[in-house]
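Dear colleague,

I am handing over the structure below, and my notes on what was found in it follow directly after. Please read them with the structure open beside you.

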Amino acid sequence: MPENEALKQNSLLQKEKTEQHSRLSGWLQMALLAAILSVFSQISIPLPGGVPMTLQTFALAFIAYWAGSSQAFRAVVLYLLMGALGLPVFAGFKGGFQCFLGPTSGFLLGFAAMALVTGLSRLRPSRTLGIICGLAGLACCHAMGLCGLMLVLKLSPARAFMVGSLPFLAKDVLSVAAAWTAVGQLDKRLCFASLKQLALRF
């Protein structure tokens, strides 16, 4: 009986350590993904209309395809919180709550929606599902962005589309495709590396 109790206690301790390690790994991954999004947000080209052209779409699609809906959503929320608190993580090294009151407010909030929808492809990875989820996530982001432009700049839907969506559509679709391809290649390399390490053990 004492041996059984000791084994049970050791099992519980091991389970607790595993859960703590998993939580820590999750937080570290979330911080890393938010940092990636912050860095890519600074690669931008100013355009008329107040919405700059950045590599945010590529970074956002990449982390969603790579980490899945839940973790990608958390990373985006962390990124938005960092910006809201004044850290210069948004495009053009901008930060502060005022960014959520400007022309890009809808797009910023749309990042979270895009992360959720695009990351669904991680549940059952396939090219078709990846494309569908990526384009659906992109559509959500653009829709919320256009709503922000119409509210803040008092634009008509057609004018908001011409200013805030049309100039970016081709680039954004290519960004999503590039992110899907990059994650696919990364998955293959990591899988190959894991198999190679496993083979070297024998």
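In this predicted model, helix α5 (residues 127–153) packs against helix α6 (residues 157–164) at an angle of about 115°, and the axes of the two helices are 9 Å apart. The crossing in which α5 passes α6 is right-handed. On the side of α5 the contact is made by Leu146, Leu149 and Met150, while α6 contributes Pro157, Ala160, Phe161 and Gly164. Sorted by character, the residues of this contact of α5 with α6 comprise six nonpolar and one polar, with no charged residue.

The other topic is the aromatic rings, of which the structure holds six pairs. In one of these, the rings of tyrosine 65 and tryptophan 180 have centres 5.1 Å apart and planes at 65°, and because planes over 60 degrees apart count as edge-to-face, that is how this pair is classed. Tyrosine 65 belongs to helix α2 (residues 56–67) and tryptophan 180 to helix α7 (residues 166–200), so the pair ties together parts of the structure that are 115 residues apart in sequence.

The two partners also deserve a look for their accessibility. Tyrosine 65 has a relative accessibility of 3% and therefore counts as buried, whereas tryptophan 180, with a relative accessible area of 22%, is partly exposed.

Finally, there is a cluster to look at, in which ring pairs link Tyr79, Phe90, Phe97 and Phe100.

With best wishes

Note on methods:
Residues numbered from 1 in each chain as written. Predicted model: local features only at pLDDT ≥ 70, side-chain atom pairs only at ≥ 80, totals over all residues. Heavy atoms only, no water. Phe/Tyr/Trp six-rings, centres within 6.5 Å; stacked < 30°, edge-to-face > 60°. Helix = DSSP H or I, 4+ residues; strand = E, 2+ residues; numbered from the N terminus. Buried < 20%, exposed > 50% of the residue type's maximum accessible area, 1.4 Å probe, protein only. Axes fitted to C-alpha atoms, helices over the stretch in contact; angles between N-to-C directions. Left-handed = near helix turned anticlockwise from the far one by under 90°. Contact = heavy atoms within 4.5 Å. Nonpolar A, V, L, I, M, F, W, Y, C, P; charged D, E, K, R; others polar.
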